[in-house]
Amino acid sequence: MTQAKPRPVEQSRPFPDERLDSAATGQNAVYWANRSIAHLKLEEYGSAIQDASKAIEVDPRYSKGYYRRGAASLAMGKFKEALMDFQQVKKICPNDPDATKKLKECEKAVMKLKFAEAISVPESQRRPVADSINYQVESQYTGARIEGDVVTLDFVKKMMEDFKNQKTLHQRYAFQIVLQTKEMLQKLPSLVDINVPNGKHFTVCGDVHGQFYDLLNIFELNGLPSEENPYLFNGDFVDRGSFSLEVILTLFAFKCMSPSAIYLARGNHESKSMNRIYGFEGEVQSKLSEKFVGLFAEVFCCLPLAHVINGKVFVVHGGLFSVDGVKLSDIRAINRFCEPPEEGLMCELLWSDPQPAPGRGPSKRGVGLSFGGDVTKRFLQDNNLDLVVRSHEVKDEGYEIEHDGKLITVFSAPNYCDQMGNKGAFIRFEAPDLKPNIVTFSAVPHPDVKPMAYANNFLRLFQ
């Protein structure tokens, strides 16, 4: 564990865009397609689509342009757009076995979506998933048990120890935890105010992404959640890491044990489309059952979108907005009980990213936007705030300070996906001054289950 000095970290860039742009003729499809694949590797899918489209514009018969654009669309869950691009690749290269394989996977995904739409029930007629679940505990079950309706610290510790040893929690207790969490979350506003008394502290963690053993390490370094040691986990609890179920059940169990010990915010990965692609849906199906997929989707729609600590620190998963003048009251008024839309305040809270330049720009992700330090400054002034804390992006040191010290990114999944080599971080605030105390840490070993082990087949085709 390292006590980090709160200093700005120079933003890394994959390549100097201005120099490359000036050197390129703009009429070379190979150049644009190669730049597209660089964006794909960096998971900048919006930029990958833009460059692949330029390759196609330069040479409509260049198959790799369609291939790159189709791959980026798949990663964003845009199956129908991806299908059209892979159909074009197949048309240009009819004997390419790789293109044929990816086309078939796209066709399966689109057919599955059409079938789901065909059998879907209107929202007004839909019964909660919980109404159809009823589990009995077998006598031979030896794992953690909830006695009655109360989730205790002893239960949570036993459950975490079982998870650490790769044992499962009985579906009966998983159901109880998830249902109790849903009942609590749906009563909360979309923007939650947190009060930290003078002399007390509060910890904010960023993305965990299914890295359960690193979550245990956070608790080892900083203590278990309690009323005296409260946490906010700032979204993206699940997906990519292959212990996402263990992560979410642990966080939910602490919420059930003591609601003021832990606060939970929605990230862009707490959504059906992301869970379908990046592993959580498959993991839940494997470790629990299909019914739990729908139950988790219902709970994720109840998660608050943002928090404010002592009226001064604004905490959100993604970032700020495409327009000025957004007030905290506007965020409180958002009807969040839905899947994230592709535009508007809710989308931007979950998806946006800071940029070094002033003003606003298109999102490299293809969703949300990029916003500069002037946007951050105006938002803070308009709402009498001091600081924005957000997550959503992997950082080499686990954190990054930008926008003249007015914005901090915190990311809590070290060695992200077992390949990035980054540190993780969390931030401790102490009242009344709320000066951010950033703590960094390294990854710990975990069982030999690879990240993305439960991800959708078509996504693994591109790994």
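This passage describes the overall make-up of a predicted model, followed by its internal cavity, a set of paired strands and several unusual backbone conformations.

At the level of the whole chain, the secondary structure comes to 17 helices and 15 strands, and buried residues make up 54% of the 463 residues. Among the contacts with a separation of 6 or more, 71% are accounted for by residues 24 or more positions apart. The accessible surface of the chain comes to about 20,500 Å², and carbon and sulfur atoms hold 50% of that area.

Rolling a probe the size of a water molecule over the atoms shows where empty space is left. A search of the whole structure returns one cavity of 30 Å³ or more, and the volume of the largest cavity is about 60 Å³. The lining of this cavity includes L320, F321, V323, D324, G325 and V326, together with R360, V375, R378, F379 and D382. With four residues, helix 16 (residues 373-382) gives the most to this lining. By residue class, the lining divides into six nonpolar, one polar and four charged residues.

An open sheet of mixed pairing is formed by three strands in the order 8-10-9. Its edge strands, each pairing on one side only, are strand 8 (353-354) and strand 9 (360-362). Strand 8 and strand 10 (residues 369-371) run parallel and are joined by two bridges, and P354 stands opposite F371 of strand 10.

Further along the chain, strand 12 (residues 399-402) is joined by four bridges to strand 13 (residues 407-410), and the two run antiparallel. Within this pair, I401 has I408 of strand 13 as its bridge partner. The side chains of strand 12 alternate in direction, with Y399 and I401 pointing one way and E400 and E402 the other way, yet all of these residues, including the glutamates, are buried. Strand 12 and strand 13 form a hairpin with four residues between them, and H403 in the turn has a positive phi of about 55°.

A second hairpin, with six residues between its strands, is formed by strand 14 and strand 15, and L434 in its turn has a positive phi of about 55°. Strand 14 (residues 424-430) runs antiparallel to strand 15, to which it is joined by five bridges, and F426 has V439 of strand 15 as its bridge partner. Because four of the five residues of strand 15 (residues 437-441) are buried, this strand is largely enclosed by the rest of the structure. The loop between strand 14 and strand 15 also contains P432, and the peptide bond from A431 to P432 is cis, with omega near 10°.

Most residues other than glycine have a negative phi, and most peptide bonds are trans. Against this background, two further loop residues may be noted. H392, in the loop between strand 11 (387-390) and strand 12, has a positive phi near 80°; because its relative accessibility is 6%, and the cut-off is under 20%, H392 counts as buried. M452, in the loop between strand 15 and helix 17 (457-460), has a positive phi near 65°, and M452 is likewise buried, with a relative accessible area of 9%.

Conventions: Residues are numbered from 1 along each chain as its sequence is written. This is a predicted model: local features need pLDDT of at least 70, side-chain atom pairs count only at pLDDT 80 or more; totals for chains, interfaces and linings use all residues. Side-chain values use heavy atoms; hydrogens and water are left out. Buried means under 20% relative accessible area, exposed over 50%, partly exposed in between (1.4 Å probe, protein chains only). Contact means heavy atoms within 4.5 Å. Accessible areas come from the Shrake-Rupley method with a 1.4 Å probe; for residues, only the protein chains shown count as cover. On a 1 Å grid over the protein atoms alone, a cavity is a set of points where a 1.4 Å probe fits but cannot get out, and a pocket is an open set with protein on both sides within 12 Å along at least five of seven lines; lining residues have an atom within 4 Å of a point. Grid points are joined across faces, edges and corners, and a volume is the space filled by probe spheres set on the points. Ala, Val, Leu, Ile, Met, Phe, Trp, Tyr, Cys and Pro count as nonpolar, Asp, Glu, Lys and Arg as charged, and the others, Gly among them, as polar. Two strands pair if DSSP finds at least two bridges between them.
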